[in-house]
Amino acid sequence: MAQIVLVLHIMIAAALVGVILLQRSEGGGLGLGTGTMGGLMTGRGTANLLTRTTAVLAACFVATSIVLAILSGNTGRAPSILEQVPPPSSGPAVPAPPVAQ
């Protein structure tokens, strides 16, 4: 389940980056969306569509982030190396007596 949500999360993040880069920039950024989408929409309509799309993708990104946090919290806590008790030793090893020939 977590892998499916993670793949969806990555796809939403990539789409969000793409939609943000398409928006018209007033600060001199990329501003790739300077056209009018083939004459089908006005400049203002395009801006409204991209703004709404960005808001929806951002909401989906936050939702998948929360779901991933919940799923990762349910896996249980991994034991720490410091908390593990070493196995009991059977005492010091005694060397075998030398064999006379």
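# Buried, exposed and in contact

Visitor: What makes methionine 11 count as exposed?
Guide: Methionine 11 has a relative accessibility of 54%. A residue is exposed over 50% relative accessible area, buried under 20%, and partly exposed in between, with a 1.4 Å probe and protein chains only. The value 54% lies over that upper limit, so methionine 11 is called exposed. This is a predicted model, in which local features need pLDDT of at least 70 and side-chain atom pairs count only at pLDDT 80 or more, while totals for chains, interfaces and linings use all residues. Residues are numbered from 1 along each chain as its sequence is written, and side-chain values use heavy atoms, with hydrogens and water left out.

Visitor: Where is methionine 11 placed?
Guide: Methionine 11 belongs to helix 1. Helices are DSSP runs of H or I with at least four residues, strands are runs of E with at least two, and both are numbered from the N terminus. The chain has two helices and zero strands.

Visitor: How do you know that the span of helix 1 agrees with its 21 residues?
Guide: The expected span is 1.5 Å times one less than the number of residues. For residues 2-22 this gives 30 Å, and the end C-alpha atoms are 30 Å apart, so the two agree.

Visitor: Which residues of helix 1 are buried?
Guide: Val5, His9, Ile12, Leu16 and Val19 are the buried residues there.

Visitor: What puts them on the same side of helix 1?
Guide: They cover an arc of only 95 degrees around the axis, and therefore lie on the same side of helix 1. The arc is taken from the directions that run from the helix axis to the C-beta atoms. An α-helix has 3.6 residues a turn, so residues three or four places apart point the same way. On the face of helix 1 turned away from its buried side are the exposed residues Gln3, Ile10, Met11 and Ala14.

Visitor: What makes up the largest nonpolar core?
Guide: Five residues do: Ile12, Leu16, Val19, Leu50 and Leu57. Helix 1 and helix 2 (43-73) each supply at least two of them, and helix 1 gives the largest share, three residues. Such a core is a set of buried Ala, Val, Leu, Ile, Met, Phe, Trp, Tyr and Cys residues joined through side-chain atoms within 4.5 Å.

Visitor: Why is threonine 64 counted as buried or exposed?
Guide: Threonine 64 has 9% relative accessibility, so it counts as buried. Threonine 64 lies in helix 2 and touches Val5, Leu8, His9 and Ile12, leaving aside residues up to four places away in sequence. Contact means heavy atoms within 4.5 Å.

Visitor: Is threonine 54 buried or exposed, and what is its relative accessible area?
Guide: Threonine 54 has a relative accessible area of 16%, so it is buried. Threonine 54 lies in helix 2. Residues up to four places away in sequence aside, it touches Leu16, Val19, Ile20 and Gln23.

Visitor: Why is arginine 24 called buried or exposed?
Guide: Arginine 24 has a relative accessible area of 65%, so it is exposed. Arginine 24 lies in the loop between helix 1 and helix 2. Its C-alpha atom is separated by 9.4 Å from that of leucine 50, 26 residues apart along the chain.

Visitor: How many residues does the chain have, and what percentage is buried?
Guide: The chain has 101 residues, and 13% of them are buried.
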